[in-house]
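Colleague: I'm new to this one, and I'd like a close look at a single part: the place where the ligand sits. Could you walk me through it?

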Amino acid sequence: MKFPVTPALKRSFWLQSAEPSLQASPALAGSHAADVVIVGGGFVGLWTALTLKEHEPDCRVMILEQDVCGGGASGRNGGFVMSWWPKIQSLTSFCSVEQASFLAHSAERAISELGEFCQRHQVEAAFRQKGWLWTATCAAHVDAWNGTLEACARLGAEPFARVSAREVARRTGSPVHLAGVLERSNATVQPAALVHGMRKVALEAGVEIYENTAVSEIQPGQPVRLLTAHGQVDARNVVLATNAWSSAIPELAKLFVPVGSSIVVTEPIAERLASLGWSGGEAITDSQLMVDYYRTTPDGRIAFGKGTGSLSYGSKMGPVFSEDPEGIDLTEADLRRTYPMLKDVAVTHRWSGPIDRTYDSLPVFNHLEGCPNIHYGIGWSGNGVGPSRIGGRILASLALGRQDQWSQCALVGRTCKAFPPEPVRFIGGSLVRRSVIRKERAELGGHRAKRLDVVMAGFAPAGLEDKS
Ligand SMILES: Cc1cc2nc3c(=O)[nH]c(=O)nc-3n(C[C@H](O)[C@H](O)[C@H](O)COP(=O)(O)OP(=O)(O)OC[C@H]3O[C@@H](n4cnc5c(N)ncnc54)[C@H](O)[C@@H]3O)c2cc1C
């Protein structure tokens, strides 16, 4: 099984501003043996390593990261720490009611657990638990959350509170917000600072981290042999925590499609934000499928992101997942539309990144076919900052062969709808994406979307939230 070696992505604002002087760990050299090797040093890999060490402190755990920890999605996201309540309808479509409830409650608890982790280990990751406002920015999107709220109510849960139109406009500082609901448990973080904190705690727990160490080949067996440019490791168990890069493995490439998301960050404007009334620290999204997500930073900037859905032929990890000019333009245009009163405010940072989107936007865990000791957890679909905590628990239990609530949960070994092969995947996906763009432009402009665009948009995978 070969992995193409991909160049490092353009650095995000978060990585640039979190401990810029941090030295990378040395690259792997020579021959080694380990109990568990984790490929990928993002949130999923790091939580897996930390959980393995909690269960078995003497277990020899290695993380091999082709770039630096957080160089992938974990250091370049919006920093929204979300639950799985917005996906409750998707969960109940393949889980029992008890499982859906267990997973949704666990994901909600993982948010506070993250805050506790930061406090316990003095990780300065700007954890702020001020809630998430899920809003509508056009008439067509008002009440998009009704089905989700009803599904929660059927499980006896009430994670969302309806917020009056006036209150939504007041709290977001923009009259484009017509309605909304607040999920109080949600938080924001400085994601790269969180990665650095987790990396430090993992090193202290005895996890061996090798950066600038791309795994170029995996030879299945017992042990599994992993090859890198200057070394090799024989591992009793392997965990693939490789997010969108997993598309290099044909069996995994069917389960998800790498899609782009871009973020722009403004200069600091704390006083302007206060005068708009957007000073509560809430995370905000609109209800587009190509979702706009935005938040403020502790130093008074706006970080404004958009799920642009950019694709690459063959799901290859190309430059579109590093700095996508079209995606960045779409993102900045939505920032200006949402906050027209800030048109003079400069954008100082811009970048893009890959999202590993499954059809239902929930992750899947399993082992590779015929390889019971090579486990994977992929398909975070743009909501991995909080749920990766759960992913770490699942993958650690799978790697240690533990029979527990995590290894036996409904996300493990579930059947996922497969994406078509090329060229249909790219050509069809691009046509669907264009239709989604036209449909959402029409809706935001207060017009009726063309029937063909509505039909074509219906082929797109589910978004960040299940919508009515
Ligand atoms: C622009 C953007 C915005 C987002 N916003 C949010 C948000 O606000 N909230 C949220 O919850 N989620 C968000 N996400 C998603 C979130 O960032 C991810 O779900 C989460 O970080 C998952 O982490 P991971 O460990 O799976 O992936 P990653 O952090 O990408 O880690 C995978 C790692 O594997 C490494 N790797 C790959 N192949 C190899 C190899 N062959 N050898 C060695 N190493 C390898 C990569 O370099 C990478 O560092 C966003 C993502 C993007 C791109």
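Which residue has a polar backbone atom 2.8 Å from a nitrogen atom of the ligand, and what else is going on around there?

Modeller: That residue is Phe80, whose polar backbone atom pairs with a ligand nitrogen at 2.8 Å. Before going on: this is a predicted model, where local features need pLDDT of at least 70 and side-chain atom pairs pLDDT 80 or more, while totals for chains, interfaces and linings use all residues. Residues are numbered from 1 along each chain, and side-chain values use heavy atoms, without hydrogens or water.

Back to the ligand, then. Phe80 has company: the side chain of Ser74 places an N or O atom 2.5 Å from a ligand oxygen. Val385 joins in through its backbone, with an N or O atom 2.9 Å from an oxygen of the ligand. These are polar contacts (N or O pairs within 3.5 Å). On its own the ligand would expose 1000 Å², and the protein buries 98% of that area (Shrake-Rupley, 1.4 Å probe).

Now step back to the whole shell. There are 36 residues around the ligand, and Glu65, Ala73, Ser74, Phe80 and Val385 come nearest (a heavy atom within 4 Å counts as near). By type, the shell splits into 17 nonpolar, 17 polar and two charged residues (Asp, Glu, Lys and Arg are the charged ones; glycine goes with the polar).

Where do these residues come from? Helix α2 (43–55) and the strands β12 (257–266) and β16 (347–357) each give the shell at least two residues, with β16 supplying the largest share, three (DSSP runs: helices of at least four residues, strands of at least two).

Zoom out once more and you'll see two domains: domain 1 covers 28–77, 195–255 and 372–400, while domain 2 covers 81–191 and 258–357 (bounds from an automatic or database assignment). Both domain 1 and domain 2 contribute residues to the shell, so the ligand lies between them. Taken over C-alpha atoms, the centres of domain 1 and domain 2 are 27 Å apart. Each side brings 28 residues to the contact between domain 1 and domain 2 (heavy atoms within 4.5 Å). About 2300 Å² is buried between domain 1 and domain 2, and carbon and sulfur atoms give 63% of it (area lost on being put together, 1.4 Å probe, summed over both).

So, to come back to your question: Phe80, Ser74 and Val385 each have an atom paired with the ligand, and the ligand itself lies between domain 1 and domain 2.

Terms used: Polar contact = N/O pair within 3.5 Å; in protein donor to acceptor, adjacent residues only side chain to side chain. Buried area = accessible area lost by both parts, 1.4 Å probe.
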